[in-house]
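This report describes a single chain, working from its domains to its charged side chains and its backbone. The sequence and structure come first.

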Amino acid sequence: MSILDPTGPAARSQFWIWWAMLIVTVVVSLGVYALWLYTFRRRHQPERTPREERRVMLRWVLGGGILLPVVSIVALMIFAAPTGRGMLPLPLTDADPERIEVIGHQWWWEVRYPGGEGEADVVTANRLVMPAGEPVDFRLGSADVIHAFWLPRLGGKRDMVPGRFSTIRLEADSPGVFGGQCAEFCGAQHTGMQLHVEALEREDYDAWLAERRAAPEPIEEDDTIRAFGEHCAACHRVAGFPKVLVVDDVEHDIEGPDLTDIGSRPTLGAGELPMEEGAIAYWLQHHQTLKPGNRMPPHNHIETETLQDIGAWLETLEP
Ligand code: HEC
Ligand SMILES: [Cu+2]
């Protein structure tokens with residue numbers, strides 16, 4: 001998660017800006033402190049006329065108060081402008097960058113891979129898989145309040161504003177796993193809004209996406225599936241889930257993460273729990289203690305055994 005360990009072009013230029021700002025700030029502060037001490041040690045000079053006194057004062061005000069800040073800020077801006085430009089989604093001469101949509105929700109991340117003509121989007125949550133070694137355009141939005149998209153080792157960050165989309169271009173030098181975090185206070189579980197980022201070789205990325213683009217396996221109706229339809233499916237999409245089983249009488253302004261590939265995801269609750277056997281059933285019973293205030297209502301009215309069955313079924317959902 002450290003900006004001091006950059007692993008992409010945008011993060012690298014931000015790293016140098018960080019150092020430049022630190023060095024300029026330290027040098028300017030030391031200069032100011034030195035002058036300040038100097039004024040204590042210097043004797044009053046009675047031989048100056050009021051006119052001379054005014055000139056000296058003006059020199060300090062214009063030089064130290066206006067010229068010096070203008071020069072430092074312009075220098076920093078010249079240094080920083082190419083970095084900002086590099087993160088804009090400008091047209092490239094060679095290929096079109098991959099486009100991935102990320103939407104902030106209280107308090108989780110929706111991640112969408114747009115489909116082509118007549119093709120559905122691939123949708124997942126709290127896990128961002130991207131190709132390494134090429135620029136990727138992240139189209140950012142929000143479903144509720146202002147969030148911010150921040151992948152410290154790749155660069156950023158950028159606000160996610162409800163009602164509009166903005167784009168940031170980032171690149172990972174090589175395959176790896178990185179952390180992401182919401183960087184704009186968005187409510188009680190702001191810190192519990194973590195994003196697991198995986199950069200893959202191009203061919204692994206294509207394979208990952210192709211697996212998810214394939215038509216979903218048919219879901220056989222049984223008690224567990226019916227219980228999911230009754231208690232969960234109004235908020236959670238599972239591709240291929242029989243529509244007739246969805247009981248749609250829960251609070252509806254809330255949307256939950258897409259669960260189509262939940263069994264293959266590394267965490268639950270946006271980084272709250274590692275995914276392992278039994279983790280979903282545990283999450284379903286304790287999510288309000290693990291992540292207090294999160295927008296999924298408690299499931300106390302559902303029998304533990306039913307929650308365990310649903311959890312076990314969800315864990316099998318892998319592409
Ligand atoms: C009112 C809407 C709503 C209902 C009903 C609901 N959920 Fe959720 N669910 C959510 C929200 C919102 C989250 C995200 C919580 C967070 O991480 O902040 C969530 C998170 C989850 C997660 C974690 C997903 C992830 O990517 O980490 C699982 C699994 C889950 N719900 C399963 C269920 C099951 C099973 C049921 C039925 C027993 C259910 N949910 C009922 C809204 C709902
Ligand atoms: Cu936040």
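A residue is called buried when its relative accessible area is under 20%, exposed when that area is over 50%, and partly exposed in between. Arg202 has a relative accessibility of 30%, so Arg202 counts as partly exposed. The model discussed here is a predicted one.

## Domains

The chain is divided into domain 1 (9-86), domain 2 (98-213) and domain 3 (223-315). Taken over C-alpha atoms, the centres of domain 1 and domain 3 are separated by 57 Å.

Helix 2 covers residues 50-86. Ala75 is found in helix 2, and Ala75 counts as partly exposed because its relative accessibility is 44%. In sequence, Ala75 and Ala20 are 55 residues apart, while their C-alpha atoms are 9.8 Å apart in space.

## Salt bridges

How many salt bridges does a search of the whole structure find? The search finds 17 salt bridges. The table gives three of these pairs, with the N to O distance for each.

| Side chain | Partner | N to O distance |
|---|---|---|
| Arg112 | Glu110 | 2.6 Å |
| Arg112 | Asp121 | 3.1 Å |
| Glu134 | Arg202 | 3.0 Å |

Arg112 appears in two rows: the side chain of Arg112 meets that of Glu110 in a salt bridge, and it also meets that of Asp121. The accessibility of these residues can be taken in turn. Arg112 has a relative accessible area of 21%, so Arg112 is partly exposed. Glu110 is buried, because its relative accessible area is 7%. Asp121 has a relative accessible area of 28% and is therefore partly exposed.

The third row concerns Glu134 and Arg202, whose side chains meet in a salt bridge at 3.0 Å, N to O. This pair links distant parts of the chain, with the two positions 68 residues apart: Glu134 is in the loop between strand 4 (127-131) and strand 5 (136-142), and Arg202 is in helix 3 (residues 202-213). Why does Glu134 count as buried? Its relative accessibility is 18%, and therefore Glu134 counts as buried. Its partner Arg202, at 30%, counts as partly exposed. The pair also belongs to a network of salt bridges in which Glu98, Glu134, Arg202 and Asp206 are linked.

## Charged surface patches

Two patches of opposite sign are described here. Arg51, Arg54, Arg55 and Arg59 form a positive surface patch. Arg54 lies in helix 2, and its relative accessibility of 55% is the reason why Arg54 counts as exposed.

Which residues form a negative surface patch? Glu220, Asp222, Glu303, Glu305 and Asp309 do so. Asp222 is found in the loop between helix 3 and helix 4 (223-231). With a relative accessible area of 37%, Asp222 is partly exposed.

## Backbone geometry

Where are the cis peptide bonds described here? One joins Gln106 and Trp107, with omega at about -5 degrees. Trp107 lies in the loop between strand 1 (98-105) and strand 2 (108-113). Another cis peptide bond joins Gly156 and Lys157, and its omega is about -5 degrees. Lys157 has its place in strand 7 (residues 155-160).

Positive phi values in residues other than glycine complete the account of the backbone. Asn126 has phi near 60 degrees, which is positive, and Asn126 is a residue other than glycine. Asn126 is found in the loop between strand 3 (122-125) and strand 4. Its relative accessible area is 6%, so Asn126 is buried.

Ala270 has a positive phi near 55 degrees, again in a residue other than glycine. The place of Ala270 is in the loop between strand 11 (267-268) and strand 12 (273-274). Is Ala270 buried, or is it exposed? Ala270 counts as buried, because its relative accessibility is 1%.

Methods: Residues numbered from 1 in each chain as written. Chains lettered and ligands numbered in written order. Predicted model: local features only at pLDDT ≥ 70, side-chain atom pairs only at ≥ 80, totals over all residues. Heavy atoms only, no water. Patch = residues over 30% accessible without salt bridge, like charges linked within 9 Å, V, L, I, M, F, W, Y side chains within 5 Å. Areas by Shrake-Rupley, 256 points an atom, 1.4 Å probe, with all protein chains shown as cover. Salt bridge = Lys/Arg side-chain N within 4 Å of Asp/Glu carboxyl O. Lys, Arg positive; Asp, Glu negative; His and termini not counted. Charge placed at Lys NZ, Arg CZ, Asp CG, Glu CD. Helix = DSSP H or I, 4+ residues; strand = E, 2+ residues; numbered from the N terminus. Buried < 20%, exposed > 50% of the residue type's maximum accessible area, 1.4 Å probe, protein only. Domains from an automatic or database assignment.
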